[in-house]
Amino acid sequence: MTAKSEKTVMHALTIRLQDEIFALEATSVREILDTVPITRVPNAPDFVGGLINVRGTVVPLADLRVVFGMQRPPTDQDTRIVVVEFELDGEPLVAGILADKVHEVTEIDAGSMEAVPAVGMRWPPAFIRSIGKRGDGFVIIPDMQRIFRIEAGLDAAAA
């Protein structure tokens, strides 16, 4: 038998935000950084309240805990910044994502991914692409394009 087809698995970087495991598409991850100085932007929304310097480039720093209504504890020795790149309205967007901890790159079987349940979710369903099963637990696969569109005010109808 041959190896799994690329279409049947999602290669994902798993991160922890509070007690939940989230999966970011590994192909969108550029690098993982230790915490760096953050330049706060006055009057900016909490979601992207600061900028960081990534190899000489100014990059917005986003905190997914804000959109998911989570507590925002101070950084510690496990805190990392995951620099991601994806398309937003046909243009490349590079952003840093705060993570309480970075776990591993893993495969999530596409057959284990399910739509967000209509009830019983504590997270806004508009921000979740799907829920994946991994071992005995679940991983949340956020819809990064939708999160950034709504939080940047580009998708007022969905907000």
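## A walk through the sheet, rings and salt bridges

Let's start with a charged pair: glutamate 85 and arginine 30 meet through their side chains in a salt bridge, at 3.7 Å from N to O. That pair links distant parts of the chain, with glutamate 85 in strand 7 and arginine 30 in strand 3, 55 residues apart. Glutamate 85 counts as partly exposed, at 34% relative accessibility. Keep in mind throughout that this is a predicted model.

**The sheet**

Strands 3 and 7 are a good way into the sheet. They pair in the antiparallel sense over five bridges, and leucine 33 has isoleucine 81 in strand 7 as its bridge partner. Helix 2 (residues 144–151) packs on the sheet and touches strand 6 (57–62), strand 7 and strand 8 (91–99). The direction of helix 2 makes about 85° with that of strand 7.

Now step back to the full sheet. It is open and built from six strands in the order 3-7-8-6-5-4, with mixed pairing. Which are the edge strands? They are strand 3 (29–34) and strand 4 (39–40), each of which pairs on one side only.

**More salt bridges**

The structure holds ten salt bridges. As a general point, side chains of opposite charge can pair when their charged atoms come close. Here are three of the bridges, including the one we opened with.

| Salt bridge | N to O distance |
|---|---|
| Glutamate 85 and arginine 30 | 3.7 Å |
| Arginine 129 and glutamate 25 | 2.7 Å |
| Arginine 55 and glutamate 31 | 2.6 Å |

Take arginine 129 and glutamate 25, whose closest N and O atoms are 2.7 Å apart. This pair also links distant parts of the chain: arginine 129 sits in strand 10 and glutamate 25 in strand 2, 104 residues apart. Arginine 129 is partly exposed, with a relative accessible area of 39%, and glutamate 25 counts as partly exposed too, at 33% relative accessibility.

Then there's arginine 55, which forms a salt bridge with glutamate 31. Arginine 55 lies in the loop between strand 5 and strand 6 while glutamate 31 lies in strand 3, so the pair ties together parts that are 24 residues apart in sequence. Is each partner buried or exposed? Arginine 55 counts as exposed, at 69% relative accessibility, whereas glutamate 31 counts as buried, at 16%.

Some salt bridges share partners, and these join Asp63, Arg65, Arg72 and Asp100 into one network. Aspartate 100 deserves a closer look. It is found in the loop between strand 8 and strand 9 and counts as buried, at 9% relative accessibility. Its side chain makes a polar contact with the side chain of arginine 65, at 2.7 Å. Leaving aside neighbours within four places in sequence, aspartate 100 is in contact with several residues, among them Arg16, Gln18, Pro73 and Thr79.

**The aromatic rings**

A search of the whole structure finds four aromatic pairs. In one of them, the rings of phenylalanine 22 and phenylalanine 68 have centres 5.1 Å apart and planes at 50°, so the pair is tilted. Phenylalanine 22 lies in strand 2 (residues 20–25) and phenylalanine 68 in the loop between helix 1 (64–67) and strand 7, so the pair ties together parts that are 46 residues apart in sequence. Both of these residues are buried.

Phenylalanine 68 has a ring partner in phenylalanine 127 as well. Here the centres are 6.4 Å apart and the planes stand at 85°, so the pair is edge-to-face. Phenylalanine 127 is in the loop between strand 9 (101–109) and strand 10 (128–134), 59 residues apart from phenylalanine 68. Phenylalanine 127 is buried, as is phenylalanine 68. Put together, ring pairs link Phe22, Phe68 and Phe127 into a cluster.

**A few residues in loops and strands**

Glutamine 18 has a phi near 55°, a positive value in a residue other than glycine. Its place is in the loop between strand 1 (9–17) and strand 2, and it counts as partly exposed at 21% relative accessibility.

Asparagine 43 has a positive phi as well, near 65°. This residue is in the loop between strand 4 and strand 5 (50–54) and is exposed, with a relative accessible area of 83%.

Asparagine 53 lies in strand 5 and counts as exposed, at 53% relative accessibility. Its side chain reaches the backbone nitrogen of glycine 56 at 2.7 Å. Asparagine 53 and threonine 39 are 14 residues apart in sequence and 8.9 Å apart in space, C-alpha to C-alpha.

Note on methods. Residues are numbered from 1 along each chain as its sequence is written. This is a predicted model: local features need pLDDT of at least 70, side-chain atom pairs count only at pLDDT 80 or more; totals for chains, interfaces and linings use all residues. Side-chain values use heavy atoms; hydrogens and water are left out. Two strands pair if DSSP finds at least two bridges between them. Helices (H or I, at least four residues) and strands (E, at least two) are DSSP runs, numbered from the N terminus. Contact means heavy atoms within 4.5 Å. Axes are lines fitted to C-alpha atoms, for helices over the stretch in contact, and angles run from 0 to 180 degrees between N-to-C directions. Rings of Phe, Tyr and Trp (its six-membered ring) pair if their centres lie within 6.5 Å; planes under 30 degrees apart count as stacked, over 60 as edge-to-face and the rest as tilted. Buried means under 20% relative accessible area, exposed over 50%, partly exposed in between (1.4 Å probe, protein chains only). A polar contact is a pair of N or O atoms within 3.5 Å; within protein, one must be able to donate a hydrogen and the other to accept it, and residues adjacent in sequence count only if both atoms are side-chain atoms. A salt bridge is a side-chain nitrogen of Lys or Arg within 4 Å of a carboxyl oxygen of Asp or Glu.
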